[in-house]
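Me: I have just opened this one and would like to go through it piece by piece. Could you help me with some questions as I look?

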Amino acid sequence: MNLLPRSITAKFNAVFDMRSVPIWMKLLIALVPCTLVLLIAAGLTTNRVSGQFLDDVVRKNVQIRATALANEVGIFLSNRREDLLMLGYKQITGEGLYDFWRSRQKAYGWGYEAVAYLTTDPEQCIYLVRRGKDAVMIPKGDIQQVRPDPRLDLNEIPRPEDGILVSSVIETSYPIKDAEQLSPSVSKNVIRFMNLVLRHGVPEGLLLLEVDITQIRDILGKFGSSMSSLNISESKEPQHSFFFSLDGWLWFSPDETKGAPPRFSPLAPNGFPGRFGILGHSSTFRPSREQAEYWRMVYEVRSGSSGVIMLPDQDPESKADNYYMGYAPVRVHTGPDLSHKIFGGVAIVDHSSQEGHRQSILILLTAGLCAIVLSLVVYIVSRALTRPVLALTNELDRACATGQLADIETPGRDLETSLLTRSVNRLFSVIREQTQELTLKDRLLLMSSESERVRLEEEIKNLKRKFLAVDIEEILGYTPVLESLKLEIIKASSIDADVLILGETGTGKQLAAEVIHRLSGRSRKPFITVNCGGLDENLLLDELFGHVKGAFTEARADRRGAFLAADGGILFLDEIGNASPRVQQSLLRALSARRISPLGTDAEYDVDVRVIAATNEDLLEMVENGKFREDLYYRLKVITIRIPPLRSRRDDILVLANHFLNDAAIQMGRKDIGLTRGALEKLKAHDWPGNVRELRNCITRAVAMAESSLIYTDDIQLDDGDFPAPARPQAGFKAPAPSVPVPTGVECRIPEGVVLNERQREAVSLVLKHEEISRSDYQKLMGKDLPKRTAAHDLQDLVRKGVLEMTGRGPATRYRLARSRQTSEPPTSG
């Protein structure tokens, strides 16, 4: 929608119409993008074609090398068959087997892990096992302790004319000591080659050769070496290869060295999902079934197929995005007709494709550099030609930034710039006139809207219809977050368990506890409140557990503590985070055993009390810092209720404002007073760091100071400095009536903003008269059967407000006027 008149739009289009743009600017707009598109397209095409070509070369290279490596491993395993057949032609004696083992060690540079001839007759069995650089014979009586026993596979071994039996990788245990003579047995991971020995066509026994699986690792290591004739890659990237079994286990890492942990790069970096370790060998790894490409490779190897797959590179040390993995099956010749079985597979990981891609990227970068040079030349020429217009643009930007649409004055260097400057100034003149008219209309509309009286009752009804309300008369509000709180309170009321209420000071924690008491099965029993932050340690212990006569100097009679007073009901512990360690320990013992012992006696009393604790502290942080007992925290935290912040339920401000407005109107005799729309919006826009207490005081002050029957925006005084901004300002409920100001007859200076109740004002007068008093003195002087708990609270509250100061501890505590308040000036009104 166009808000400007057609005349202004036409003038604006006349200034910025492309038909008035000079030819050099059109060349700049047309030439540079076209050149960039052509060069980038050429570079991308070259990159794509060359990349596909290089990828095909790398894929074939990787597949050939994987097949060559698989053949190398297969030849190694097939040669073991030849050795086994050759052993069958030799004399089968202990000396003959040892000579065979020694000759193969000299020929290969390594020795078989075991050479054996086994029959069902233990006396004819021979079992040689490598130990260090020599071979030792297992005693005939211990051969049956070899695990797994090769004779168990006797029925699975084919006849000599059909071939030999090659096992998978197994863990064998020999009943001999290791080279260091530390262990009574030796375990090794080997591959077994077994062949039947026939006598007159009947199986007489079996011959066995065992090869350490690390021989395959050595083949992989030699292949990965730059000196290997099989390594035909010229890539500078690391060339990885590994062996895997038909059930998916990876054996050995290309980076594995003695003493170093296994590293299956790039298949097992950065928490690659899988499983380590099989057969006691830490150098094994099996990827999870989620790695579909890997398991497709395993299945194809099982079927005798080879191929190449591309996988994402997850190695943090690699700069490549993908890599190729070539794989091929390892075939072992087992029969005389060169029949074979698939023993496993080998795979080679190659990053060479990235090198070809780097060359293609270099071509693309060269094309981009040419485009940048061309753009730079065009830009320099354009800047020289457009300098006058840029000066005009800067003036326009300054006007937009400051919002002052004053006439622009630029030195006219050419005809076009002068014409453009005059057109812009005419446009600014029209905009200024229309802006003034719109501003005047908006101001009138705003004043009318802000002066309109808000129908609070109708607004509240609409709010009730908008949200599903749970009826708890003490808690005002209908927003979802508050409804959730109501449900939590109802649930907590139905369960007879301790409750921890979290919330800032003044947000209604005690009211929430009172609602739980009213709705619970203990509603007919006492509800006792103790402020743990308002008393010192000794007074708080006395307040909680009471004392017996003679427990201390002023203990002239027995006193029931809060636990006994609340027996059968609920004990509300406010500001539990301020309790001292000694008080915390006593509370923990009382909550754990539900038994208390008054001060001055060892007698214990059973109590049936449900405890509701509240705090504005972060108890979990206090536990971590050692300021609050962890066991007490979890003892209290059976049910936790968190009161939501007022700022998170701004719609409830309407309900709270209506309630406080009606209360203040009744107290001050102004029943017709109401809120304007502007005042309500101002209340909703405020963050209320003081929560509902601040909102109540604000409404009360506005009612008292309003000069008419309506509270306008200016009547709402928000004192942001009165309350510290909490990290989580809490929600509130109905609050008590406003405090009564301090009378002018008390000869002391009350701190500004401090409000005292009637008893506290009398307490100040008593202190001025008697210089200092104790709690018991205050009770006697006040009379009226003032409870000890109330007296202690009044005096402690005066200490916190800075009016009085406390000396001594326990029963010897005395209260006197704070030195900074001893003045003859009249007090200020709260």
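Me: Let me start with one residue: is aspartate 83 buried or exposed?

Reply: This is a predicted model, and in it aspartate 83 is buried, with a relative accessible area of 5%.

Me: Which side chain does aspartate 83 meet in a salt bridge?

Reply: The partner is arginine 104, and the N to O distance in this salt bridge is 3.3 Å. Arginine 104 lies in helix H3 (residues 94–108) and aspartate 83 in helix H2 (residues 23–88), so the pair ties together parts that are 21 residues apart in sequence. Arginine 104 also counts as buried, at 12% relative accessibility.

Me: And how many salt bridges are there in the whole structure?

Reply: A search of the whole structure finds 24 salt bridges. One of them joins the side chains of glutamate 604 and arginine 595, at 2.9 Å from N to O. Glutamate 604 is partly exposed, with a relative accessible area of 47%, and arginine 595 is partly exposed as well, at 33%.

Me: Which residues are joined into one network by salt bridges that share partners?

Reply: Arg80, Asp83 and Arg104 are joined in that way, and the last two are the pair described above, which meet at 3.3 Å.

Me: What about arginine 217 and aspartate 218, how do their side chains meet?

Reply: They meet in a salt bridge as well, with an N to O distance of 3.6 Å. Arginine 217 counts as partly exposed at 26% relative accessibility, while aspartate 218 is partly exposed with a relative accessible area of 30%.

Me: Changing topic to the surface, which residues form the negative patch?

Reply: The negative surface patch is formed by Glu617, Asp618, Glu621 and Glu624. Aspartate 618 is found in the loop between strand E22 (610–615) and helix H14 (619–624), and this aspartate is partly exposed, with a relative accessible area of 43%.

Me: And which residues make up the nonpolar patch?

Reply: That patch consists of Leu369, Ile372, Val373, Val377 and Val381, which together have about 460 Å² of accessible area. Leucine 369 lies in helix H6, which covers residues 352–402, and at 53% relative accessibility leucine 369 counts as exposed.

Me: Going inside now, why is helix H11 described as largely enclosed?

Reply: Helix H11 (residues 537–545) has 9 residues and 7 of them are buried, so it is largely enclosed by the rest of the structure. The buried ones are Leu539, Leu540, Leu541, Asp542, Glu543, Leu544 and Phe545. H11 is followed by glycine 546, whose phi is positive, near 75°.

Me: How many residues of H16 are buried?

Reply: H16 is mostly covered, with 12 of its 17 residues buried. Among them are Asp652, Asn658 and His659, as well as Ile653, Leu654 and Phe660. The helix, residues 652–668, reaches 24 Å from its first C-alpha to its last, close to the 24 Å expected at 1.5 Å a residue. Just after H16, glycine 669 takes a positive phi of about 70°.

Me: Which residues other than glycine have a positive phi?

Reply: Arginine 594 is one of them, with phi near 55°, and asparagine 691 is another, with phi near 60°. Most residues other than glycine have a negative phi. Arginine 594 lies in the loop between helix H13 (581–593) and strand E20 (595–596) and counts as partly exposed at 26% relative accessibility. Asparagine 691 is found in helix H18 (residues 691–705) and counts as buried, at 1% relative accessibility.

Me: Where is proline 148, and what is the peptide bond leading to it from arginine 147?

Reply: Proline 148 lies in the loop between strand E3 (134–137) and strand E4 (165–166). The peptide bond from arginine 147 to proline 148 is cis, with omega near -5°, whereas most peptide bonds are trans.

Me: Last one, where is isoleucine 176?

Reply: Isoleucine 176 sits in the loop between strand E5 (170–174) and strand E6 (186–199), and at 8% relative accessibility this isoleucine counts as buried. Its C-alpha atom is separated by 8.7 Å from that of valine 136, although the two residues are 40 residues apart along the chain.

How values were computed
Residues are numbered from 1 along each chain as its sequence is written. This is a predicted model: local features need pLDDT of at least 70, side-chain atom pairs count only at pLDDT 80 or more; totals for chains, interfaces and linings use all residues. Side-chain values use heavy atoms; hydrogens and water are left out. Patches are made of residues with over 30% relative accessible area and no salt bridge: like charges are joined within 9 Å, nonpolar side chains (Val, Leu, Ile, Met, Phe, Trp, Tyr) within 5 Å. Accessible areas come from the Shrake-Rupley method with a 1.4 Å probe; for residues, only the protein chains shown count as cover. A salt bridge is a side-chain nitrogen of Lys or Arg within 4 Å of a carboxyl oxygen of Asp or Glu. Lys and Arg count as positive and Asp and Glu as negative; His and the chain ends are not counted. The place of a charge is taken as NZ of Lys, CZ of Arg, CG of Asp or CD of Glu. Helices (H or I, at least four residues) and strands (E, at least two) are DSSP runs, numbered from the N terminus. Buried means under 20% relative accessible area, exposed over 50%, partly exposed in between (1.4 Å probe, protein chains only). The expected span of a helix is 1.5 Å times one less than its number of residues.
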